[in-house]
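Trainee: I'm new to this one, so could you walk me through it?
Mentor: Sure, let's have a look together.

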Amino acid sequence: MQLMQLANFLLYNLLQSRISFITIFHCWQQNESGQTLQLAQQIHNSPQLIFHQFVHLNQWKWEHLEQRFLDHQQPTLAIYVDLQCERASRTQLYNQHYHWLLHDSLYDFSFYNFFAPFNISVDADVSYVKQQVLDNTGDIIYALYDVYSNGKHIGGQLNITGDYELYCNTTSCQLNRYLSSLHLRTKYRQREQLRDVVLRVATVVTARPLNWPGKVLLNFLSQDNETHIDVIARFGFQITILLKDMLQCDMNFTFTDRWSSSDVIGGSVGAVVNQMADIASAPALATEGRLRYLSVITETGYFRSVCLFRTPRNAGIRGDVFLQPFSSLVWYSFAVVLLLIGLLLYLIFYLECMRMQPRWRLNAVPSLLTTCLISFGAACSQSSALIPRSTGGRLTYFVLFLISFIMYNYYTSVVVSSLLSSPVKSQIKTMQQLAESSLEVGLEPITFTKSYLNYSSRPEIHLFKKRKVETQSKNTELWLPVEKGILRVRDRPGYVFVFDASSGYAYVEQYYTQQEICDLNEILFRPELVVYTQLHQNSSYKELIRLKLLRVLETGVYRKHRNLWARTKLHCYSQNFVITVGMEYVAPLFFMLICGYILVLLLLLLELAWQRYVRRPR
């Protein structure tokens, strides 16, 4: 064997592939040991540091070969196998983690017939090397062929495509010619079509019986009407159909009514974990248990569970809205200014009565209470019957009304805008507050909600379950269909319904007016979660499907489908209707008015009693 030419060929291939680790499986004779050392020396003297290992296949037990030599921590390990060692080809792992060089130094070896029964996966990096020795010089021409299969277990056939030829002598290797246009394409560009396979797809359907004919279920999943029914499953199925068109393959759909019975057992997730299915049509949550067996490919959707309710009628009196425009310091400062101006007006009226000519002055000096009342009335945009006659007094009046005008307009604009901007909202903002409230609760009967109530580690969810769910264990209307629950929220303010936002928001938009939508309060039942398309960790289609789904994402097709199927927010257009100010705002004003009348009545009775006491006979 011309090992020097082989060494140059291996170095050329490793440098082109940017790989620094190689294991050489051989069955060379003992008389060739000197040439083996020359091969090792040639690799050692290469311009790039290459870690290499020689393994004589006849000296090891085959059942431990993978654990002994192929278990590695590097991104890619190059493996050279001499096909003269017949048993070597039966123990290989053909996937993306190994860069295989299958060297054929036999002239009568049928590579296709020998490897056709084996599953060389679509992501495999396998090169079949065929040599031709030149008789006149002893140099060698190596021809490389790209080898892969789309999946032998699902109908894929072995594909062999010529790549290029290398001319190697004892000193170096040079590119002789290209055998095809393969060098112009990336690996997955060459293998992007799976026309000869039938992918096994685990398909989730929760809104229709599984005993329906398969064509009827596929028709239901393919439709784009009634997008609030079985949203996540149908949205994932639409993306799967896009994937089918891009891969140009067939698909065999197996229907199930759930994602999983437990974390990784049963349903579509269990089928992928057990490798009974190549992919699941419906995206799933990436839990810690699932990530031990599955790999996340791309983000495919969102899961959002909310608690929705209208503001209860007894939401509480909101008298603070009339004090919110100004801080406490501003209110106190304004009161002090009005009091000082009241004192100043009293002094002005007193001086005018004492010093001015009789025809200019008032007949009597107003009391201090009267001048303070004038100052307060100016703050409320009220005029006064008493007007100072002096220039200084009128200037004081001007300053008083100017300050009052500015304060009054700012105050009224803030109050009016706050009252008419949106209806009053409940003070219940968290699950803890909801659990401690007296509001009645209903839930949509979906697996996610029931599992979360049982397995969540959040203390507020435990409290919510104890106070709102367990206390209604005999209530037949605790678990309601989403449509009925949404209608009950509309008709009974204060009733709380827990549901999946992607399905329930459609009913809200259908049955609610804009004013009722703006009156809604929303609490996240659980943190918003992302669902992913997931494949088995050992799946050979991971990178190919990831590239296809990223293509769907970057072209905007994913956004188009998401806008159709996924609803994550309710829009409140408060400008389209007149918001009625309720008693929760007006009640404090009536309360102040009643208290004022009561105080006036008490003062009147006190004055009458005092007058009667003064006039009684002595």
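What follows is a chat about empty spaces and helix contacts in this predicted model.

Trainee: Let's start with the enclosed spaces. How many cavities of 30 Å³ or more does a search of the whole structure find?
Mentor: The search covers the whole structure and counts cavities of 30 Å³ or more. The largest cavity has a volume of about 130 Å³. With that cut-off, the number found is four.

Trainee: And which element gives the most to the lining of the largest cavity?
Mentor: The lining has 17 residues, and V231, I232, Y302, S502 and A566 lie nearest the centre of the cavity. Two or more lining residues come from each of α7 (231–247), β13 (294–303) and α16 (501–511). With four residues, the element that gives the most is β13.

Trainee: How many residues of that cavity lining are nonpolar?
Mentor: Sort the lining of the largest cavity by class and you get three charged and four polar residues. The nonpolar ones number 10.

Trainee: Now the open spaces. Which residues are the closest to the centre of the largest pocket?
Mentor: This pocket holds about 1300 Å³ of space. Its lining is made of 40 residues. The closest to the centre are W259, F303, I446, T447 and F448.

Trainee: Which element supplies the largest share of the lining of the largest pocket?
Mentor: At least two lining residues come from each of α7, β12 (284–285), α13 (447–455), α16 and β18 (529–536). By class, the lining has 20 nonpolar, 11 polar and nine charged residues. The largest share is five residues, and the element behind it is α13.

Trainee: What about the second largest pocket: which element gives the most to its lining?
Mentor: That pocket has a volume of about 760 Å³. Of its 26 lining residues, Q16, S17, H99, D125 and D163 lie nearest the centre. Elements that supply at least two residues include β5 (125–133), β6 (140–149), β7 (158–168) and α1 (3–17). Four residues is the top contribution, and it comes from α1.

Trainee: How many polar residues are in the lining of the second largest pocket?
Mentor: Split by class, that lining has nine nonpolar and seven charged residues. The polar count is 10.

Trainee: On to the helices. Is α9 roughly parallel, roughly perpendicular or oblique to α10?
Mentor: Helix α9 (residues 328–355) and helix α10 (residues 368–379) have axes 8 Å apart and pack at an angle of about 130°. That angle is why α9 counts as oblique to α10.

Trainee: Is the crossing of α9 and α10 left-handed or right-handed?
Mentor: On the α9 side, residues including F334, L338, Y346 and F349 meet residues of α10, among them L368, T371, I374 and A379. The contact of α9 with α10 has 12 nonpolar, three polar and no charged residues. As for the way α9 passes α10, the crossing is right-handed.

Trainee: You mentioned α13 earlier. How does it sit against α14: roughly parallel or roughly perpendicular?
Mentor: Helix α14 covers residues 459–469, and its axis is 8 Å from that of α13, at an angle of about 110°. Because of that angle, α13 is classed, relative to α14, as roughly perpendicular.

Trainee: Which residues of α14 meet α13?
Mentor: From α13, the residues in contact are Y452, L453 and N454. The contact of α13 with α14 divides into five nonpolar, one polar and one charged residue. On the α14 side, the residues are I461, F464, K465 and V469.

Trainee: Last pair: is α7 roughly parallel or roughly antiparallel to α19?
Mentor: Helix α19 spans residues 557–565, and α7 packs with it at about 155°, with the axes 11 Å apart. The angle is over 145 degrees, so α7 is, relative to α19, roughly antiparallel.

Trainee: And which residues of α19 make the contact with α7?
Mentor: The crossing of α7 and α19 is right-handed. From α7, the contact uses V231, R234, F235, Q238, I239 and L242. From α19, it uses V557, Y558, H561, R562 and W565.

Technical notes: Residues are numbered from 1 along each chain as its sequence is written. This is a predicted model: local features need pLDDT of at least 70, side-chain atom pairs count only at pLDDT 80 or more; totals for chains, interfaces and linings use all residues. Side-chain values use heavy atoms; hydrogens and water are left out. On a 1 Å grid over the protein atoms alone, a cavity is a set of points where a 1.4 Å probe fits but cannot get out, and a pocket is an open set with protein on both sides within 12 Å along at least five of seven lines; lining residues have an atom within 4 Å of a point. Grid points are joined across faces, edges and corners, and a volume is the space filled by probe spheres set on the points. Ala, Val, Leu, Ile, Met, Phe, Trp, Tyr, Cys and Pro count as nonpolar, Asp, Glu, Lys and Arg as charged, and the others, Gly among them, as polar. Axes are lines fitted to C-alpha atoms, for helices over the stretch in contact, and angles run from 0 to 180 degrees between N-to-C directions. Angles under 35 degrees count as roughly parallel, over 145 as roughly antiparallel, 65 to 115 as roughly perpendicular and the rest as oblique. A crossing is left-handed if the near helix is turned anticlockwise from the far one by less than a right angle, and right-handed if clockwise. Contact means heavy atoms within 4.5 Å.
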